[in-house]
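Hi,

Here is the structure I said I would pass on. Have a look at it first, and then read on for what turned up in it.

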Amino acid sequence: GGTYKTSSTVTVAVASAFSTNGKKLLLDQQAILKPNGNFNVVQLFNKARMSGGIIDESGVSGFSNAGIFIQGTVSGITEGTGADHVQIIGAGAVGTYTSYGIKIVANATNQNIQFCNFHDMVIDNMAYGIFVQASAGGGGNYNNGNLFNNITIDNANHGVYLDGNHSATNY
């Protein structure tokens, strides 16, 4: 348990050259991560995972970033990346939510994110419960085959939001 105040994004690192598995942020179910500013709380890199805990954004007025964030890369974010058994609590009141629960973005040329796995999660009080983007850039970027299983989203302006620029080279 316990409450852990963060002053910057907690990054969960990419797999090393000698491993097929990335790092894992493992928290007790009652452990609370509380940002003290407006930044993505946890960022996952290739094959990185988060398991357990609570991300509580409620103490930051106008919080507009994500509880869990993944940014696509040219080398790819692939299978093994994701989170499970995490609760994400947003800031604001009904109709005024400004933050993201899970945000996965491939928004530059040839970035890709594929086969990430998120399961057994609760997301409350968000502008976007799950936000998935494949847009902009020079094309060739995609979000593909990502799995979201057994996720409860309550009090969200948009439960699941898919954003793209309708280009044949973005998927």
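Before the strands, one term: two strands count as paired if DSSP finds at least two bridges between them. Also keep in mind that this is a predicted model.

With that cut-off, β5 and β8 make a pair, running in the parallel sense over two bridges. If you want a spot to look at, Val42 stands opposite Ile68 in β8. β8 also runs parallel to β11, and here five bridges join them. On that side, Ile70 is the residue to find, standing opposite Ile104 in β11.

So how enclosed is β8 by the rest of the structure? Largely, because five of its six residues are buried.

That brings me to the core. The largest nonpolar core has 32 residues, and Val42, Met50, Ile55, Ile68, Ile88, Phe118 and Met121 are the ones with the most contacts inside it. Two or more residues each come from β5 (42-44), β8 (66-71), β11 (100-106) and β13 (117-134). Which of the elements gives the largest share? That is β13, with six residues.

Ile88 is a good residue to click on here. Leaving out residues up to four places away in sequence, Ile88 touches Ile55, Glu57, Gly67, Ile68, Gly101, Ile102, Met121, Val122, Ile123, Asp124 and Met126. There is also a second, separate core of eight residues, and Ala66, Ala127, Tyr128 and Phe131 are among them.

Now the charged pairs. How many salt bridges does a search of the whole structure find? Two.

One of them is between the side chains of Lys34 and Asp56, at 3.1 Å from N to O. Lys34 sits in strand β4 (residues 32-35) and Asp56 in strand β7 (residues 54-56), so the pair links distant parts of the chain, 22 residues apart. As for accessibility, Lys34 is partly exposed, with a relative accessible area of 21%, while Asp56 is buried at 13%. The cut-off matters for this pair, because buried means under 20% relative accessible area.

The other salt bridge joins the side chains of Arg49 and Asp84, at 3.0 Å from N to O. Arg49 belongs to strand β6 (residues 49-51) and Asp84 to strand β9 (residues 82-84), so this pair ties together parts that are 35 residues apart in sequence. Here Arg49 and Asp84 are both buried.

Next, a polar residue worth a click: Asn143, in strand β14 (residues 142-144). Is Asn143 buried or exposed? Buried, with a relative accessible area of 12%. What does its side chain reach at 2.6 Å? The backbone oxygen of Gln133. The side chain of Asn143 also has a polar contact of 3.3 Å with the side chain of Asn146.

Then some backbone angles. Most residues other than glycine have a negative phi. Lys47 is not a glycine, yet its phi is positive, at about 65°. You will find Lys47 in the loop between β5 and β6, where it is partly exposed, with a relative accessible area of 24%. Asn155 also has a positive phi, near 55°, and is likewise a residue other than glycine. Asn155 lies in a strand, β15 (residues 147-164), and is partly exposed, with a relative accessible area of 45%.

Last stop, also in strand β15: His158. His158 is partly exposed, with a relative accessible area of 34%. Where does the chain come back to it? His158 and Met126 are 32 residues apart in sequence, but their C-alpha atoms are 7.8 Å apart in space. Not counting residues up to four places away in sequence, His158 touches Ala127, Tyr128 and Gly129. Two of those names may look familiar: Ala127 and Tyr128 are included in the second core.

If you open just a few things, I would start with β8 and its parallel partners β5 and β11, then go to the salt bridge of Arg49 and Asp84, and finish at Asn143 with its reach to the backbone oxygen of Gln133.

Cheers

Key. Residues numbered from 1 in each chain as written. Predicted model: local features only at pLDDT ≥ 70, side-chain atom pairs only at ≥ 80, totals over all residues. Heavy atoms only, no water. Core = buried A, V, L, I, M, F, W, Y, C linked by side-chain atoms within 4.5 Å. Buried < 20%, exposed > 50% of the residue type's maximum accessible area, 1.4 Å probe, protein only. Helix = DSSP H or I, 4+ residues; strand = E, 2+ residues; numbered from the N terminus. Contact = heavy atoms within 4.5 Å. Polar contact = N/O pair within 3.5 Å; in protein donor to acceptor, adjacent residues only side chain to side chain. Salt bridge = Lys/Arg side-chain N within 4 Å of Asp/Glu carboxyl O.
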